[in-house]
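Biologist: I have the sequence and the model open side by side. Take me through them in short answers.

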Amino acid sequence: MIEIVLPPCQPFVSACVSVPLEPSCREFRQCVRRRFPPICGFGGFRYCYVYHKGLHCYKTQCGCVLSAGFGIAVKYVDCKGNKKSRSFEDSVIFRDCIGNFDRTHSNVRFTNLTCDIDCNGNVVATFMAELCS
């Protein structure tokens, strides 16, 4: 439990709390940034979310490599004010997993998604990918 004590006469303060991850997550955590092609007629974001597309394990001589599939769903408004959606799919790679890695007892978490449009009109998605067993 975290206790926050406010200074006297202050109704609120800005604070950033960092909660440590479990050791199994810490070694398989990475920031993912992907750029997808422009959306024709894009007017503005309504919201976006990330979803799972499966976890695949590939055995190698040095251990195993995991491929976690994901999709980015973008809900937006076009230039005429119509509500539309578009999805982009890709995968993130986790290398150097132990040789006897058991994917049936593993969980991939995608958190802290942000979507933006760059100066060329591309959709840029950034999020954290964590593999926990």
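Biologist: How many disulfides does a search of the whole structure find?
Modeller: This is a predicted model, where local features need pLDDT of at least 70, side-chain atom pairs count only at pLDDT 80 or more, and totals for chains, interfaces and linings use all residues. A disulfide here is a pair of cysteine sulfur atoms within 2.5 Å. Searching the whole structure gives a count of 0.

Biologist: Is C31 buried or exposed?
Modeller: Residues are numbered from 1 along each chain as its sequence is written, and side-chain values use heavy atoms, with hydrogens and water left out. Buried means under 20% relative accessible area, exposed over 50%, and partly exposed in between (1.4 Å probe, protein chains only). C31 has a relative accessible area of 53%, so the class is exposed.

Biologist: And which class does C48 count as?
Modeller: The value for C48 is 25% relative accessibility. That makes C48 partly exposed.

Biologist: Which residues is C31 in contact with, leaving aside neighbours within four places in sequence?
Modeller: C31 sits in strand 1 (strands are DSSP runs of E, at least two residues, numbered from the N terminus). Its C-alpha atom is 7.2 Å from that of T126, although the two are 95 residues apart along the chain. Contact means heavy atoms within 4.5 Å. Beyond the sequence neighbours, the partners of C31 are T126, F127 and M128.

Biologist: In what order do the 3 strands of the open sheet lie?
Modeller: Two strands pair if DSSP finds at least two bridges between them. Strand 1 and strand 6 share 8 antiparallel bridges, and strand 5 and strand 6 share 9, also antiparallel. The open sheet therefore has strand 1 and strand 5 at its edges, each with a single partner strand. The order is 1-6-5.

Biologist: What does the twist average from one strand to the next?
Modeller: Axes are lines fitted to C-alpha atoms, and angles run from 0 to 180 degrees between N-to-C directions. The average twist from strand to strand is 20°.

Biologist: What is the bridge partner of R35 in strand 6?
Modeller: Take the other registers first. R29 is bridged to E130 of strand 6, and T111 to M128 of strand 6. For R35, the partner is V124.

Biologist: How many residues of strand 6 are buried?
Modeller: One set, V123, A125, F127, A129 and L131, points one way. The other set, V124, T126, M128, E130 and C132, points the other way, and every one of them is buried too. Strand 6 is mostly covered, and the tally is 10 of 10.

Biologist: Which residue in the turn of the hairpin has a positive phi of about 90°?
Modeller: The hairpin is formed by strand 5 and strand 6, with 5 residues between them. The residue is G121.

Biologist: Which side chain joins that of D118 in a polar contact of 3.0 Å?
Modeller: D118 lies in the loop between strand 5 (107-117) and strand 6 (123-132), and at 19% relative accessible area it is buried. A polar contact is a pair of N or O atoms within 3.5 Å; within protein, one must be able to donate a hydrogen and the other to accept it, and residues adjacent in sequence count only if both atoms are side-chain atoms. A polar atom of the D118 side chain also lies 2.8 Å from the backbone nitrogen of N122. The side-chain partner at 3.0 Å is R35.

Biologist: Why does N112 count as exposed?
Modeller: N112 is in strand 5, with a positive phi near 55° despite not being glycine. It counts as exposed because its relative accessibility is 57%.

Biologist: Which strand gives the largest share of the largest nonpolar core?
Modeller: A nonpolar core is a set of buried Ala, Val, Leu, Ile, Met, Phe, Trp, Tyr and Cys residues joined through side-chain atoms within 4.5 Å. The largest has 22 residues, with F70, I72, V92, F94 and F110 making the most contacts inside it. Strand 1, strand 3, strand 4, strand 5 and strand 6 each give two or more residues. The largest share, 6 residues, is from strand 3.

Biologist: What is the relative accessible area of G71?
Modeller: G71 belongs to strand 3. Its contacts beyond four places in sequence are Y49, V50, Y51, K53, F88 and E89. G71 is buried, at 0%.

Note on methods
Helices (H or I, at least four residues) and strands (E, at least two) are DSSP runs, numbered from the N terminus.
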